[in-house]
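Here's a quick briefing on the structure below. Have a look at it first, then read on.

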Amino acid sequence: MEPGADDAGEAAESGAGPGRSEPAADAPGESSAPDEPDEPDEPGEPDEPGEPAADGHREPPEPEPTSPGVTGRGEPRDDAATGAVTGTETDQDTAAAGRRRLVDGLWPPRLTRAQLTVAALLFVLGLGLAIQVRSLNDDTRLRGARQEDLVRILDELDSRQQRLETELSRLEESRRQLRNSSDRAQEAREQTERRAAALGVLAGTARASGPGITLTVEDRIGAVRADMLLDTLQELRAAGAEAIEINGVRVVAGTYFTDRPSGGVDIDGQAVSAPYRFEVIGNPDDLQPALNIPGGVVRTLEKEQATVRIEEADSIEIDALRAPVAPDYSRSAPE
């Protein structure tokens, strides 16, 4: 071993001793230079530290780093490396904050009226395009069909058209029949109603109104008998009277007159007394001459010292009614 090697070993021991202080860190803004590589061992020196040298001395191993900011040989950590790490973390935080702002801006979505209008227009446009494409596809399918298939399709369409036309004709005929039946039924119903009204007037079960005359017979001495009133009624009916009322009693086909022993007349069992008032609906031009003919009703009553007065009227109301009575023997005959 050369003398220089012993001096180097002693220097290393003295540098690592407990009484020595660690070298100060580099000034701010300067970075510590990397350690120079160890020069190759001279012949005779041990290959690894810690093995005994030739002169019996042992080189101490390199101390491990004891605290952050200090290198493995007791030198301060490089500030540039620390700054690079801090800058990388700051960039990552900025990127994360940007992503959060982007997510907050996109969700929940904020829709405006303009956006909804555009979406509706796009939907309508897409629907129209889909329908057009489908129709084009149908046309393409028919365009690519064979001649036999086209002839068959045309035959089917013609047959279907004929069936539909036949069905339409049948339905129109049914409608005409129903309409005619409805019209006939309506006409029959109206005729029945008119006939029932007319029969009600004749039977005395319905009120009547219309032009006619009023015949008043005054009998001060009681000389007017039931047969005279009956003759007057028959003369009015022969002249065309349609509805007759005498002192509030409705006169019908079965009306009868009887004399009362105490004076007066019974009409259908109801007692009436003078003056006798006839309210007649009919044509006045026919009724009045029929009563005033020579030897007629008026002359007969005047011979019995009765006073007869005839008045024409444009409208006469007959309100007296008779209860409908079912006949005992007669029945309506089929037409």
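Arginine 322 is partly exposed (20% to 50% relative accessible area, with under 20% called buried and over 50% exposed; 1.4 Å probe, protein chains only), at 29%. Its salt-bridge partner is aspartate 268, at 2.6 Å from N to O. Keep in mind that this is a predicted model: local features need pLDDT of at least 70, side-chain atom pairs count only at pLDDT 80 or more, and totals for chains, interfaces and linings use all residues. Residues are numbered from 1 along each chain as its sequence is written, and side-chain values use heavy atoms, leaving out hydrogens and water.

**Salt bridges**
- The whole structure has 10 salt bridges, meaning a side-chain nitrogen of Lys or Arg within 4 Å of a carboxyl oxygen of Asp or Glu.
- Aspartate 268 is buried, with a relative accessible area of 16%.
- Glu218, Arg220, Arg309 and Glu311 join up in a salt-bridge network.
- In that network, glutamate 218 meets arginine 220 at 3.5 Å, N to O, and arginine 309 with the closest N and O atoms 3.7 Å apart.
- Arginine 220 is exposed at 68%, while glutamate 218 is partly exposed at 23% and so is arginine 309 at 37%.

**Confidence**
- Mean pLDDT (the predictor's confidence in each residue, from 0 to 100) is 75, and 68% of residues reach 70 or more.
- Residues 1-57 stay under 50 in pLDDT.
- Residues 65-76 are also below 50.

Definitions and conventions
Contact means heavy atoms within 4.5 Å.
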